[in-house]
Amino acid sequence: IVFLAELNVLDFWVGDIQSAYLESHMLVKVHVIRGAKFLNVGLEGHTLVIKKALYGLRSSGIHWWEQFSDVLEEMGFFPSKAEKDIWMHDKGDHYEYLVVYVDDLGIASKDPKGIVDELQDKYKFVLKGTGPIKFHLGCDYFHDSDGKLCFAPKKYIEGMIQTFNRHFGKNPR
């Protein structure tokens with residue numbers, strides 16, 4: 001999608017939906033028995049019903065995906081036939097693209113800020129790190145001297161070199 005954005009002169013923004021799983025409600029009844037170390041309110045042995053999806057529950061990911069898919073469809077997006085996490089919106093003179101990776105978003109559009117604003121204002125999602133792509137999913141993005149968009153795992157490699165240096169007392173060859 002980054003490549004499509006470059007070819008079609010679209011801006012590419014990224015963002016992260018904060019506490020994404022807590023945004024979705026459970027569709028099935030899930031409960032836990034409160035143990036002695038769970039919170040400090042004296043309800044040991046009580047049954048607690050989980051109303052919102054939590055990280056770690058096997059069904060949380062699908063609940064989040066289903067809820068966010070409903071939002072994207074309401075916004076006019078439809079899923080790609082090739083990949084269900086690539087969403088497209090026909091704007092007449094161009095397509096907008098929204099890529100979802102769990103709670104990380106990639107937005108290719110002539111107006112990505114408009115999409116971000118709608119997600120925040122209308123649907124009340126809390127987004128962080130939104131803006132033009134500089135770093136996303138482990139890769140740094142930058143323009144070379146000719147203005148071409150490039151990507152490389154610079155931060156990842158720098159971290160590996162630091163770890164190597166810490167373990168062996170010198171830089172790798």
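Begin by selecting aspartate 117, which is partly exposed, with a relative accessible area of 26%; here buried means under 20% relative accessible area, exposed means over 50%, and partly exposed lies in between, with a 1.4 Å probe and protein chains only. Add lysine 113, which at 44% relative accessibility also counts as partly exposed, and display both side chains, because they meet in a salt bridge with 2.9 Å from N to O, a salt bridge being a side-chain nitrogen of Lys or Arg within 4 Å of a carboxyl oxygen of Asp or Glu. Aspartate 117 and lysine 113 are four residues apart in helix α3, so about one helical turn separates them. Helices (H or I, at least four residues) and strands (E, at least two) are DSSP runs, numbered from the N terminus.

The model in the viewer is a predicted one, in which local features need pLDDT of at least 70 and side-chain atom pairs count only at pLDDT 80 or more, while totals for chains, interfaces and linings use all residues. Residues are numbered from 1 along each chain as its sequence is written, and side-chain values use heavy atoms, leaving out hydrogens and water.

Stay on α3 and colour Pro112, Ile115, Val116 and Leu119, which are buried. They lie on the same side of α3, because they cover an arc of only 100 degrees around the axis, the arc being that of the directions from the helix axis to the C-beta atoms.

From Leu119 the tour moves inward, to the largest nonpolar core, which has 19 residues; Phe68, Leu72, Met75, Leu98, Leu105, Leu119 and Phe125 touch the most other members. A nonpolar core is a set of buried Ala, Val, Leu, Ile, Met, Phe, Trp, Tyr and Cys residues joined through side-chain atoms within 4.5 Å. Show β1 (11-17), α2 (60-74), β6 (95-101), β7 (104-109) and α3 (112-121), the elements that give two or more residues to this core; α2 gives the most, with four residues. Centre the view on phenylalanine 68 and, leaving aside its neighbours within four places in sequence, look for its contacts (heavy atoms within 4.5 Å) with Ile17, Leu98, Val100, Leu105, Leu119 and Phe125. Apart from this core lies another, of eleven residues, among them Val2, Ala5, Cys139 and Tyr141.

Next, return to charged pairs, since the model has four salt bridges in total. Select lysine 128 and aspartate 16, whose side chains meet in one of them at 3.6 Å, N to O. Because lysine 128 lies in strand β8 (residues 127-132) and aspartate 16 in strand β1, the pair ties together parts that are 112 residues apart in sequence. Which of the two is buried? Aspartate 16 counts as buried, at 17% relative accessibility, whereas lysine 128 is partly exposed, with a relative accessible area of 41%.

Then select glutamate 74 and lysine 122, which form a salt bridge whose closest N and O atoms are 4.0 Å apart. Glutamate 74 lies in helix α2 and lysine 122 in the loop between α3 and β8, so this pair ties together parts that are 48 residues apart in sequence. Glutamate 74 and lysine 122 are both exposed.

In that loop between α3 and β8, lysine 124 is the next stop. Lysine 124 counts as exposed, at 59% relative accessibility, and its phi is near 65 degrees, a positive value in a residue other than glycine. For comparison, most residues other than glycine have a negative phi. Valine 9, in the loop between α1 (2-7) and β1, also has a positive phi, near 50 degrees, and is exposed, with a relative accessible area of 70%.

The last stop is aspartate 140, in strand β10 (residues 139-143). Which side chain of opposite charge is nearest to this buried residue? Lysine 155 is the nearest, 4.2 Å away, and aspartate 140 has no salt bridge; in this count Lys and Arg are positive and Asp and Glu negative, while His and the chain ends are not counted. The backbone nitrogen of lysine 154, however, lies 2.9 Å from a polar atom of the side chain of aspartate 140. Leaving aside neighbours within four places in sequence, aspartate 140 is in contact with residues including Lys134, Phe135, Cys150 and Phe151.

Finally, zoom out to the whole protein, which has four helices and eleven strands, and in which buried residues make up 32% of the 173 residues.

Notes
Polar contact = N/O pair within 3.5 Å; in protein donor to acceptor, adjacent residues only side chain to side chain.
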